[in-house]
Amino acid sequence: MAQTGQGRVERRRVFYIPGYDPIHPRRYRELYRKESAEQAKVSGYEIALQPKATGGAYGWQVDAVMGGQAAHADIDVLVWSDIVRGSMSQSIPATYRQLVETAWVYISTGALFRLMQLRKGPVIAALYPVGALLVQALLALLVVWICTEVGALVTFGEIIGLAIGAFLGWRLLNWFKAKDGKFFAYYLMHDYAYSAHYRGANPPELEARMASFGDVIAEALTADYDEVLVVGHSSGAHLAVSILADLIRAGRVPEGKRLSFLSLGQVVPMVSFLPKADRLRADLAYLSERDELTWVDVTAPGDGCAFALCDPVAVSGVATEAQNWPLVISASFTQTLSPERWKELRWRFFRLHFQYLCAFDRPKDYDYFRITAGPVALGDRYAERTHSRSRMTKPVNKFTSVRA
């Protein structure tokens with residue numbers, strides 16, 4: 001087990017790894033500012049943000065007083081939104097080509113059907129952009145057909161009607177793409193296609209960025225911090241798994257240093273169930289056995305975009321008898337949010353996927369701000385915690401090869 005009981009945390013370095021998100025990282029600072037203030041009101045502690053003081057691309061400082069104890073945190077966002085934006089720069093025809101390729105990869109490999117044995121929510125979320133884009137295409141074709149039929153009945157003729165229909169149909173498709181901030185069809189399609197294109201392997205540009213993230217974390221591990229905490233949200237969780245596995249393999253975690261890993265709303269099986277995800281599966285197996293860190297995985301059945309309470313190591317088929325991590329716990333949205341708040345958020349699926357980073361009006365033992373800014377290390381906080389009873393550990397992955 002990771003080291004626990006070594007006194008309180010006065011100084012912490014936090015590295016937040018976002019999921020597949022093209023938005024500027026200032027969004028996370030403002031979210032932290034707003035939601036930490038709300039949680040402080042509910043939970044009765046003090047918390048305040050200041051501009052970034054450390055090196056790195058983007059971040060902020062937090063000073064907090066919780067339970068009469070003060071703590072300071074330097075929080076950095078490890079940015080890969082530029083890579084995300086680059087992968088989303090696709091034309092409409094290219095996006096439909098992605099649709100066919102991605103559907104073929106998940107169906108032909110059997111990954112889709114095995115994922116359905118875990119949680120239906122994230123599978124439905126994966127199928128949504130396929131259905132939405134097909135509906136958009138059908139509506140555009142309907143416009144073409146109507147204009148062609150009208151043209152055949154009036155003086156300007158069928159050919160001109162077809163041309164007008166093609167123009168209007170194309171304009172309709174462009175309108176859908178321009179309004180994707182409401183529909184999320186293109187965004188989600190690009191998200192799933194990013195992993196499917198390489199069948200679970202990491203693209204070269206992502207591997208290079210992950211190596212740079214590892215260097216930044218390794219540097220922090222040599223500095224005067226009581227805890228170095230890595231937070232991986234959504235697809236950022238599986239990036240963190242590989243980054244941390246690389247650091248430990250390379251001997252870059254000093255003995256006795258507190259290294260903690262918090263994975264939130266993870267979607268690991270969407271990648272680890274693909275045939276060429278050998279690196280990720282090897283990293284999952286390796287990290288799960290190490291005593292150089294504490295790894296806590298938090299999800300919630302109310303989050304339809306995450307593989308809630310699915311042990312990412314076990315369901316991927318790479319768990320061994322030596323598995324020690326992660327501790328799988330539930331954020332229990334239906335219990336930690338009041339009925340009024342739950343009713344307000346229940347059908348806002350994308351908002352719920354970010355709830356782990358937000359305030360709870362009926363908090364239990366999960367509090368993002370206590371973990372990232374409070375005086376207690378992750379390992380100490382959950383030292384007596386056991387797995388949630390609904391944890392899924394059945395190995396259902398067909399592909400269990402690992403890369404040595």
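**Entry 1: ground rules**

Two strands pair, in my usage, if DSSP finds at least two bridges between them. I take strands (E, at least two residues) and helices (H or I, at least four) as DSSP runs, numbered from the N terminus.

I am working on a predicted model, where local features need pLDDT of at least 70 and side-chain atom pairs count only at pLDDT 80 or more, while totals for chains, interfaces and linings use all residues. Residues are numbered from 1 along each chain as its sequence is written, and side-chain values use heavy atoms, with hydrogens and water left out.

**Entry 2: the sheet**

I looked up the strand order and found an open sheet of eight strands, β2-β3-β4-β1-β5-β6-β7-β8, with mixed pairing. The edges are β2 (46-51) and β8 (327-330), each of which pairs on one side only. From one strand to the next the twist averages 20° (axes are lines fitted to C-alpha atoms, for helices over the stretch in contact; angles run from 0 to 180 degrees between N-to-C directions).

A reminder to myself: strands of a sheet pair through backbone hydrogen bonds, either parallel or antiparallel.

I started at the β2 end. β2 and β3 run antiparallel and are joined by six bridges; across this pair, P51 stands opposite W60 in β3. On to the next pair: β3 (58-66) and β4 are antiparallel too, over nine bridges. Here D63 stands opposite H72 in β4, and M66 has Q69 as its bridge partner. β3 and β4 form a hairpin with two residues between them, and G67 in the turn has a positive phi of about 60°.

Why is β3 described as largely enclosed by the rest of the structure? Seven of its nine residues are buried (under 20% relative accessible area; exposed is over 50%, partly exposed in between; 1.4 Å probe, protein chains only), so the description fits.

At the other edge, β7 and β8 pair in the parallel sense over four bridges, and T299 has S330 in β8 as its bridge partner. In a regular strand the side chains alternate between the two faces of the sheet. In β8, L327 and I329 point one way and V328 and S330 the other, and all are buried.

**Entry 3: helices on the sheet**

Which strands does α1 touch? I find β1, β2, β3 and β4, with the helix direction making about 160° with that of β2; contact means heavy atoms within 4.5 Å. Helix α10 (236-249) lies across β1, β5 (227-233), β6 (259-264) and β7 (294-299), at about 140° to β5.

**Entry 4: cavities**

I counted two cavities of 30 Å³ or more. The grid has 1 Å spacing over the protein atoms alone; a cavity is a set of points where a 1.4 Å probe fits but cannot get out, and lining residues have an atom within 4 Å of a point. Points are joined across faces, edges and corners, and a volume is the space filled by probe spheres set on them.

The largest cavity holds about 90 Å³. Its lining includes V14, Y16, Y28, W60 and Y368. Two or more lining residues come from each of β1 (11-17), α1 (26-43), β4 (69-77) and α17 (368-373), and α1 gives the largest share, three residues. By class I get ten nonpolar, one polar and no charged (nonpolar: Ala, Val, Leu, Ile, Met, Phe, Trp, Tyr, Cys, Pro; charged: Asp, Glu, Lys, Arg; the others, Gly among them, polar).

The second largest cavity has about 60 Å³. Among its lining residues are D21, H24, Y28, V77 and W80, and the classes are eight nonpolar, two polar and one charged.

**Entry 5: the largest pocket**

A pocket is an open set with protein on both sides within 12 Å along at least five of seven lines. The largest has about 940 Å³ of space. Of its 45 lining residues, Y20, Y187, D191, F350 and F354 lie nearest the centre. α8 (185-196) gives the most to the lining, eight residues. The lining divides into 27 nonpolar, eleven polar and seven charged residues.

**Entry 6: two buried polar residues**

T95 is in helix α3 (92-108) and is buried, with 0% relative accessible area. Beyond four places in sequence, T95 contacts Q90, L133, Y186, M189 and H190.

Q136 is in α5 and counts as buried at 4%. Leaving aside residues up to four places away, Q136 touches Y96, L173, F176, A185 and Y186. I also checked Q136 against V62: 74 residues apart along the chain, their C-alpha atoms are separated by 45 Å.
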